[in-house]
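Okay, everyone, thanks for coming. I'll walk you through one structure today, so pull it up and follow along with me.

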Amino acid sequence: ALLAPLALAAFLTVPAIAQDQSARPTMAIQGHGEVTASPDTAFVNSGVTTQANTAREALDANTAAMSELIATLTGAGIERRDIQTSGFSVQPNYVYSDGRDANGYGLPPKINGYTVSNNVTVRVRALDTLGAILDQSVTVGANTINGISFAVADPTDLYDEARKLAFADAQRKAKLYAGAAGVELKSIRAISEQSYGQPQPYMMRERAVAMDASAPVPVEAGELTFAIDVSVTWEIGS
């Protein structure tokens, strides 16, 4: 007969314990960690833009130039899997007039030829060949460079090192605050992090390119920073 009241009493004490744990004071501290590394991969977005009186003529000229560009890239050691079409367009060229019709309305624009653009994004895995690849690409007809960016192919270890530094930074701050407040750090209640995508040292704006085929193309890869922010919550006590 006494088992039922005892079981009920034990059941009723569980919420009280949980409530007591949640009521314990805590300290939440942010930590930051970052490491730098030289990139080992480049991404180049380049292509060919052609113009002609008809869309067919512009497309044929563009196709011939792009075929030569791709052949040059593969000949320079770029694998097919590292070449991806990233843009293709056929657009009419309009000529606008200030003239007006008999009713005084502006005249509609007229088509004066067509422009065809074809762009590819190329992954360059050997950075020491990047300058030569840019030079050769322009030589065979690539007349648009839309952007160059850099990356580390596998940043896993770099981010892990940044995580260690971020936690150490949070722990250092927590100990400092605990000492100043006259409390002790207890067990960790929660850890959360925020990471950032690989930064790019620079991105060239889209522009037409005109280079002397004999001039070397200087390329500076610089360094990339890999950063992690972490939030750590400790229980504290006297």
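Let's warm up with a small one: which residue in E8 does Ala 37 stand opposite? Find Ala 37, look across to E8, and you land on Leu 224. Before we go on, keep in mind that this is a predicted model.

Now zoom out a little from that pair. Strand E1 covers residues 26–37, and strand E8 covers residues 224–237. The two run antiparallel to each other and pair over 12 bridges.

Next, look at the two faces of E1. In a regular strand, side chains alternate between the two faces of the sheet. On E1, the covered face has Met 27, Ile 29, Gly 31, Gly 33, Val 35 and Ala 37. The uncovered face has Thr 26, Ala 28, Gln 30, His 32, Glu 34 and Thr 36.

Okay, on to the inside. The largest nonpolar core has 23 residues. Who touches the most other members there? That would be Leu 69, Leu 73, Ile 78, Val 124, Leu 130 and Leu 134. Several elements chip in: strand E2 (41–52), helix H2 (55–75), strand E4 (110–124), helix H3 (130–139) and strand E5 (144–151) each supply at least two residues of this core. H2 gives the largest share, with 5 residues.

Click on Val 124 for a second. Leaving out residues up to four places away in sequence, Val 124 touches Asp 40, Thr 41, Ala 42, Val 44, Ile 78, Thr 129, Leu 130 and Ile 133. There's also a second, separate core of 18 residues, and Val 35, Ala 37, Ala 170 and Val 232 are among them. So you've met Val 35 and Ala 37 already: both are on the covered face of E1.

Now for charges. Side chains of opposite charge can pair when their charged atoms come close. In this model the count is 11 salt bridges. I'll show you a few.

Start in H2. Arg 56 bridges to Asp 60, with the closest N and O atoms 2.8 Å apart. Both lie in that helix, 4 residues apart, which is about one turn. Asp 60 counts as partly exposed because its relative accessibility is 40%.

Helix H4, residues 156–181, has a pair like this too: Arg 163 and Asp 160 are 3 residues apart, again about one turn. Their closest N and O atoms are 2.8 Å apart. Arg 163 is partly exposed at 32%, and Asp 160 is partly exposed at 34%.

What about a pair that links distant parts of the chain? Try Asp 82 and Arg 125, whose side chains meet at 2.8 Å, N to O. Asp 82 is in the loop between H2 and strand E3 (83–95), while Arg 125 is in the loop between E4 and H3, 43 residues apart. Is Asp 82 buried or exposed? Buried, because its relative accessible area is 7%, and the cut-off for buried is under 20%. Its partner Arg 125 is partly exposed, at 40%.

One more on charges: Arg 24, Arg 189 and Glu 235 are linked in a network of salt bridges.

Last stop, the surface. Tyr 94, Tyr 96 and Ile 111 make a nonpolar patch of about 370 Å². Tyr 94 sits in strand E3, and with a relative accessible area of 42% it counts as partly exposed.

That's my tour, thanks for listening!

Technical notes
Residues numbered from 1 in each chain as written. Predicted model: local features only at pLDDT ≥ 70, side-chain atom pairs only at ≥ 80, totals over all residues. Heavy atoms only, no water. Core = buried A, V, L, I, M, F, W, Y, C linked by side-chain atoms within 4.5 Å. Buried < 20%, exposed > 50% of the residue type's maximum accessible area, 1.4 Å probe, protein only. Contact = heavy atoms within 4.5 Å. Salt bridge = Lys/Arg side-chain N within 4 Å of Asp/Glu carboxyl O. Patch = residues over 30% accessible without salt bridge, like charges linked within 9 Å, V, L, I, M, F, W, Y side chains within 5 Å. Areas by Shrake-Rupley, 256 points an atom, 1.4 Å probe, with all protein chains shown as cover. Pairing = 2+ DSSP bridges.
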